[in-house]
Amino acid sequence: MIILFGLFYYLASQMGTSNMLNTLMHTAHDLLLNTVFYLMGICVLTGAIGRIFVEFGVVSLLERILRPLMRPLFNLPGVASLGAVMTFLSDNPAIISLAADRRFSSYFKKYQFISLTNFGTAFGMGLLVIVFMAGQGYYWQPLVGLFGAFCGCIVSTRLMQYFVVRQYPKFRDELVVTADELKEEKETHQGESTFIRILNSLLDGGKTGVDVGIAIIPGVLIISTLVMVLTFGPNGETGVYTGSAYEGVALLPYLASKINVVFEWLFGFTDPHLIAFPITALGAVGAALGLVPNFIAEGWVDGNAIAVFTAIGMCWSGYLSTHTAMLDSLGYRELTPKAILAHTIGGIIAAIAAHLLYLVVS
């Protein structure tokens, strides 16, 4: 209660009680309409496509082809690569709609299955981030950032697997779907025509996407609203609080600026304002990308910053606002702190790797 009242007292003392309440409600409302429903649309489409791939053997083919690559790097079955592709083309929750398919999840042991949250998040909105950076006039630097995100994904995924096995040793050997359950799942689809199989796959996969979209609402609204209020400042046009959505007290950037020398040493940032990008990416990478044009206009950005932005933007991609919802939908809510810790470390590794590779290439 002390922490709760202390937080709201601090926010109200900075913003005003009326503005604070209005900002919280408007931010949550905007997130629901423009973020959650957008993610639900992604989940519906990826759920349908993923079910088609499972039904007609694409997933089995990927497992055989990519097993030699996925096992040593990520300690995951080859089918996990499909999740990476889907999140790269869309957003983090896409992998959860795929994981909801029992035939897809049958390839995983429980500790691997839980780590899909970290694995998929590391590639979330990757295409959007790279295309956006290319649109700003940077072409090879985002590819350096992609390599950094790849390195961060390895660290985050394996670290999460370590945390899961340490807390639940039995998950190392337990399968997500048993052989009997998988046999029963296959039997229900025997004797159907190709057209019916396609239709059922599309509709069943889309329905799963709707369920996932509903399941992520509490996590996205609660966590994202808090992160936004602690990240952004007053109204950008007037410089005062108006009670509009996405206003805040800018506490997180203020705290980060106190250790700017660490970011300069690890990431190669040449201006303290650049810290705002990784801090904002904690909650929403789309919002973080909106900062880049202003950074470029002010002359704060160089090629190294673009590479680091791409790496940390992809790897983190708003994980604070989605990890809670993703693990909740998988049924392992209690592991959320460990997933967040592992992905925080993974994002930092991604940024460091991008910085070092940029120095080598340039």
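How many salt bridges does the count come to? In this predicted model, the count comes to 3 salt bridges.

## Salt bridges

Two of the pairs link distant parts of the chain. In one of them, the side chains of Arg 197 and Glu 55 meet with an N to O distance of 2.7 Å. Arg 197 lies in helix α12 and Glu 55 in helix α2, 142 residues apart. Glu 55 has a relative accessible area of 9% and is therefore buried, whereas Arg 197, at 23%, is partly exposed.

A further salt bridge joins the side chains of Lys 110 and Glu 174, at 3.0 Å from N to O. Lys 110 belongs to helix α7, while Glu 174 is found in the loop between α10 and α11, 64 residues away. Glu 174 is partly exposed, with a relative accessible area of 28%. The side chains of Arg 333 and Asp 328 also form a salt bridge, at 2.8 Å from N to O. Here Arg 333 is exposed at 54% relative accessible area, and Asp 328 is partly exposed at 29%.

## Internal cavity

The model contains 1 cavity of 30 Å³ or more, and the volume of the largest cavity is about 40 Å³. Helices α2, α5 and α12 each give two or more residues to its lining, with the largest share, 3 residues, coming from α2. Among the lining residues are Gly 47, Arg 51, Asp 101 and Thr 208. By class, the lining comprises 1 nonpolar, 5 polar and 2 charged residues.

## A buried residue in helix α2

Helix α2 also holds Thr 27, which is buried at a relative accessible area of 0%. Leaving aside residues up to four places away in sequence, Thr 27 touches Thr 225, Met 228, Ala 245 and Tyr 246.

Methods: Residues numbered from 1 in each chain as written. Predicted model: local features only at pLDDT ≥ 70, side-chain atom pairs only at ≥ 80, totals over all residues. Heavy atoms only, no water. 1 Å grid on protein atoms, 1.4 Å probe; cavity = no way out; pocket = protein on both sides within 12 Å on 5 of 7 lines; lining within 4 Å. Points joined across faces, edges and corners; volume = space filled by probe spheres on them. Helix = DSSP H or I, 4+ residues; strand = E, 2+ residues; numbered from the N terminus. Nonpolar A, V, L, I, M, F, W, Y, C, P; charged D, E, K, R; others polar. Buried < 20%, exposed > 50% of the residue type's maximum accessible area, 1.4 Å probe, protein only. Contact = heavy atoms within 4.5 Å. Salt bridge = Lys/Arg side-chain N within 4 Å of Asp/Glu carboxyl O.
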